[in-house]
Amino acid sequence: MLEKFIARQPIFDDKLKLFGYELLFRAAGENVFRPYKEASGSLIVDSTTLFGLQTLTGHAKAFINLDLLALQRGTARLLPPDQVIVEILESITPTQEVVQLCAELCNEGYTLALDDYVGHSKWEPLLPLVKFLKVDFRGCDPPTRAAIANRHRNRLDPANAGGMRLLAEKVESNEDLLEARSLGYTFFQGFFFCKPTTLSTREIPGNKLNCLRLLQLVASPDFSYDAVEQILKGDPALVYKLLRYLNSWLVAVRGEIHSIREAIALLGEKEFRRWISVLAVVAMASDKPHELIRTALTRAFFCEALARTLAGSSFVSPQSSDLFLMGLLSVTDAILDRPMEQVLASLPIAPEVRDALCGKPSPYRDVYDLLIARERADWPTLSAASTRLNIDESAIADCESKAREAASIC
């Protein structure tokens, strides 16, 4: 039996709140996503049976690709219409049969989207049926992106659930986001939220500075409980968040924690450092899209789970705490709107972590490359990195599942 992989990529609304995830399928042994004859059907079956749609997307919508065979078989009907957006792949030819099948799905309450729309006239028969036009911002030049928005402007009505919505996909920078918004796009897919929006020399706000000081303390070899407690005492909100996280994670096993000193005594230094670092990053990102926090935590727990697997391989024995911190710190440039090199310069972290996050050669670089490839459904890079690390791909899928579950506490 093949190990199944499902990557998910976030989709935001015009307020940068999470609206949904696009789910992308791959079976172990396949280095790329190919629209082979069972791809869409496998994704739909796996999302409802092996993984569980609720586990994959929570309360967000699931955007799921539908190829011709799955459309003809009616596979989409395995999914609840109020939880999914069905994407009609660009490889489908909109014949009379296809239009009829799509109309039947609409009549049954399903919402349709056109994937990789570039304004081609072949899609005219389907346009009255679809509610989302997904425009690839890497695949279209600026005039084409603007022309699509201008052409469909009359149908665009964000306040009207029955209107057309323009979704800009592969939005990789704040500049892309600003352009999309100015043109009338109201949904956005891409990793722009993981990158700094500005690079300035302005002062870091006081609340974020406290969190940065916490990170400095927990990363230092000379750990001081008193210094950590002093910072926390000056910010009751941080204490509340720390206790909430600890209790949500530990109460079922060790009993409820009521104070910082109690947490220190119960957890021990290593575990306490880990949770303080989680607290610091989460608190620093409070003014950012919540998906950025979820990304940081998922990356951290993924790296930690992967470290346990790598410890038994030919890979240089990694420190799980280092890899956990690497995943957690991987979005601090976006949190503080500063270059990664500048953010890390003030943190006494392991040079292997620093080099990996700054794009330099490092024993941990393959772990970082694998992490990013998994998020972006870059299957060739994931396979190459797993080969270099001498890790079985089935273990990666297991680490991903554990990470998603652990990150759900926040």
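This passage goes over model confidence, the second largest pocket, the largest cavity and one arginine of helix H12.

The structure is a predicted model, so a look at confidence comes first. Mean pLDDT for the protein chain comes out at 83, with 85% of the residues at 70 or more. Broken down by element, the lowest mean, 53, belongs to helix H1 (residues 39-48), while strand S8 (residues 187-189) has the highest, at 96. Residues 31-37 are a stretch to treat separately: pLDDT stays under 50 there, and the model has 16 contacts for these residues beyond four places in sequence.

Turning to the open spaces, the second largest pocket takes up about 470 Å³. Its lining is made up of 20 residues, and the ones nearest the centre are Val218, Arg273, Ser321, Asp322 and Leu325. Four helices each put two or more residues into this lining, namely H7 (206-219), H11 (269-284), H12 (290-310) and H13 (320-329). Of these, H11 supplies the largest share, with six residues. In terms of residue class, the pocket lining has eight nonpolar and eight charged residues, along with four polar ones.

As for enclosed space, five cavities of 30 Å³ or more turn up in the structure. The largest cavity holds about 190 Å³. Around it sit 14 lining residues, with Arg8, Glu291, Thr298, Arg374 and Glu375 nearest the centre. Two or more lining residues come from each of strand S1 (4-12), helix H12, helix H17 (365-375) and helix H19 (393-407). Here the largest share, four residues, is down to H12. Helix H12 thus shows up in both places, giving two or more residues to the lining of the second largest pocket and likewise to that of the largest cavity. Charged residues number seven in the cavity lining, next to five nonpolar and two polar ones.

Helix H12 is also home to Arg299. Is this arginine buried or exposed? With a relative accessibility of 5%, Arg299 falls under the 20% cut-off and therefore counts as buried. Setting aside neighbours within four places in sequence, the contacts of Arg299 are Cys194, Gly327, Ser330, Val331, Tyr368, Leu371, Ile372 and Glu375. Among them, Glu375 is one of the residues nearest the centre of the largest cavity, and Gly327 falls within the range of helix H13 (320-329). Tyr368, Leu371, Ile372 and Glu375 lie within helix H17 (365-375), which ties this part of H12 to H17 through the contacts of Arg299.

Key
Residues numbered from 1 in each chain as written. Predicted model: local features only at pLDDT ≥ 70, side-chain atom pairs only at ≥ 80, totals over all residues. Heavy atoms only, no water. 1 Å grid on protein atoms, 1.4 Å probe; cavity = no way out; pocket = protein on both sides within 12 Å on 5 of 7 lines; lining within 4 Å. Points joined across faces, edges and corners; volume = space filled by probe spheres on them. Nonpolar A, V, L, I, M, F, W, Y, C, P; charged D, E, K, R; others polar. pLDDT = per-residue confidence, 0-100. Contact = heavy atoms within 4.5 Å. Buried < 20%, exposed > 50% of the residue type's maximum accessible area, 1.4 Å probe, protein only.
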